[in-house]
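Q: Please take a close look at a single part of this model, and then place that part in the rest of the chain. I would like the cut-offs behind each term as you go.

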Amino acid sequence: MSDGPPEPADSAALTPAALRELLDRGAPLDLIDVREPHEWELVRIPGARLVPQASWLDGSALPTLRADRRPVFYCRTGVRTRAVLAAVHEAGFTDAVHLQGGVVAWTAQTTPGPPGH
């Protein structure tokens, strides 16, 4: 017997290493941080833009998505991006993915030394 609903399949997730490889290759990505401004000021992934979660959940940010770039969402640990992905996928952007483990995993796995901008 399960303790709750099953974890969604993470086929819509990129590992930090996979994202790093895509960024290094210059893949057409739209890297979007869904955290709050105060979190953005502490640490972020270079090249990302900040669009907080609420704007995705209420649909107001959907028009900012570009058809020529694959949306890649991230938050602190990956929890908030699951809700964002559900909303974005429902709106028809089925190629959208999120960063598995969020900026915490990114910093730990791809950044030497202490986290920074």
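A: What follows goes through one helix in detail and then turns to its surroundings in the chain.

This is a predicted model, in which local features need pLDDT of at least 70 and side-chain atom pairs count only at pLDDT 80 or more, while totals for chains, interfaces and linings use all residues. Residues are numbered from 1 along each chain as its sequence is written, and side-chain values use heavy atoms, with hydrogens and water left out.

The part chosen is helix 4, residues 79-90, whose 12 residues reach 18 Å from the first C-alpha to the last, close to the 16 Å expected at 1.5 Å a residue (the expected span is 1.5 Å times one less than the number of residues). Helices (H or I, at least four residues) and strands (E, at least two) are DSSP runs, numbered from the N terminus. Within helix 4, T81, V84, L85 and V88 are buried, where buried means under 20% relative accessible area, exposed over 50% and partly exposed in between, with a 1.4 Å probe and protein chains only. These four cover an arc of only 105 degrees around the axis, which puts them on the same side of helix 4; the arc is that of the directions from the helix axis to the C-beta atoms. An α-helix has 3.6 residues a turn, so residues three or four places apart point the same way.

The buried residues of helix 4 pack against helix 3 (53-57), strand 4 (70-74) and strand 5 (97-99), contact meaning heavy atoms within 4.5 Å. The face turned away from this buried side carries the exposed residues V79 and E90. Just after helix 4, G92 takes a positive phi of about 105 degrees.

In the wider chain there are 5 helices and 5 strands, and from the N terminus on the elements run β-α-β-α-β-α-β-α-β-α. Buried residues make up 37% of the 117 residues, and among contacts between residues at least 6 apart in sequence, 64% join residues at least 24 apart. One example involves P16, which lies in helix 1 and is buried, with a relative accessible area of 2%. The C-alpha atoms of P16 and A105 are separated by 6.7 Å, although the two residues are 89 residues apart along the chain. Not counting residues up to four places away in sequence, P16 touches L99, Q100, A105, W106, Q109 and T110.
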